[in-house]
Amino acid sequence: MKRLFSGLILFGIFAAHAYAESDVYLCVDEHGNKEYKNTGLTKGCKKVELQGLTVAPAPVLPASAKKTAKAPSDFPKVDDSTQKARDSDRKQILLDELKSEEQKLALQQKEFNNGEPERRGDEKNFVKYQDRVSAMKEDIARTQKNIEALKREVGNLK
């Protein structure tokens, strides 16, 4: 039993080595298309000599190179009051957009009517009605995601 197991291990090692070291052929057809294959049985194939793979370790950076880069001295700077005004404007824009999305969601949910919106005159075919209902569900889900994203963005402000 031990011999069988050892034999299987050796066979696996040799098979893996043979697979990794198999020959590669470059085959060119009559139209000039190139194709790489592991057998050169077709017409127009030539064996390609591949060199072994060399792996070089990644360079080690000195500690001074790992520091973050500073902005150049001529880089434009904004004073604190201007930046605070910009942040305030940004927050107000986000809050306005959040309010708009919440109103949109309320209208969508009202029209959706808990999954049973009123049928329109052009929806005599039930499939059209179902398509509209599924589109409404997708719109509601998208609006809810927008609201969540806006709330996260407002929460991330200083």
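This briefing describes the fold, the disulfide and selected side-chain environments of one protein chain. The model is predicted. The chain contains three helices and three strands, and these elements follow the order α-β-β-β-α-α from the N terminus. A single disulfide is counted, and a search of the whole structure yields one aromatic pair.

**Overall architecture**

- Of the 158 residues in the protein chain, 13% are buried.
- The chain exposes about 14300 Å², of which carbon and sulfur atoms supply 55%.
- Among contacts with a separation of 6 or more, 40% are between residues 24 or more positions apart.

**The disulfide**

- Cysteine 27 and cysteine 45 form the disulfide, with their sulfur atoms 1.9 Å apart.
- Cysteine 27 belongs to strand E1 (residues 24-28) and cysteine 45 to strand E3 (residues 45-48), so the bond ties together parts of the chain that are 18 residues apart in sequence.
- The torsion about the S-S bond of cysteine 27 and cysteine 45 is about 110°, and the disulfide is therefore right-handed.
- Cysteine 27 counts as buried because its relative accessibility, 5%, falls under the 20% cut-off.

**The aromatic pair in helix H3**

- The one aromatic pair found is formed by phenylalanine 126 and tyrosine 129, whose ring centres are 5.7 Å apart.
- The planes of these two rings, phenylalanine 126 and tyrosine 129, meet at 35°; the pair is classed as tilted because this angle lies between the limits of 30 degrees for stacked and 60 degrees for edge-to-face.
- Both phenylalanine 126 and tyrosine 129 lie in helix H3 (residues 126-156), where they are three residues apart, or about one turn of the helix.
- Tyrosine 129 is buried, at a relative accessible area of 11%, whereas phenylalanine 126 is partly exposed, at 43%.
- Tyrosine 129 also has a charged neighbour: the charged end of arginine 119 sits over its ring, 5.2 Å from the ring centre.

**Threonine 143 in helix H3**

- Threonine 143 is likewise found in helix H3.
- With a relative accessible area of 2%, threonine 143 is buried, because this value is under 20%.
- A polar atom of the threonine 143 side chain lies 2.9 Å from the backbone oxygen of aspartate 139.
- Leaving aside residues up to four places away in sequence, threonine 143 touches Glu101, Lys104, Leu105 and Gln108.

How values were computed. Residues are numbered from 1 along each chain as its sequence is written. This is a predicted model: local features need pLDDT of at least 70, side-chain atom pairs count only at pLDDT 80 or more; totals for chains, interfaces and linings use all residues. Side-chain values use heavy atoms; hydrogens and water are left out. Rings of Phe, Tyr and Trp (its six-membered ring) pair if their centres lie within 6.5 Å; planes under 30 degrees apart count as stacked, over 60 as edge-to-face and the rest as tilted. Helices (H or I, at least four residues) and strands (E, at least two) are DSSP runs, numbered from the N terminus. Buried means under 20% relative accessible area, exposed over 50%, partly exposed in between (1.4 Å probe, protein chains only). A charge sits over a ring if NZ of Lys or CZ of Arg is within 6 Å of the ring centre and within 35 degrees of the ring normal. Contact means heavy atoms within 4.5 Å. Accessible areas come from the Shrake-Rupley method with a 1.4 Å probe; for residues, only the protein chains shown count as cover. A polar contact is a pair of N or O atoms within 3.5 Å; within protein, one must be able to donate a hydrogen and the other to accept it, and residues adjacent in sequence count only if both atoms are side-chain atoms. A disulfide is a pair of cysteine sulfur atoms within 2.5 Å.
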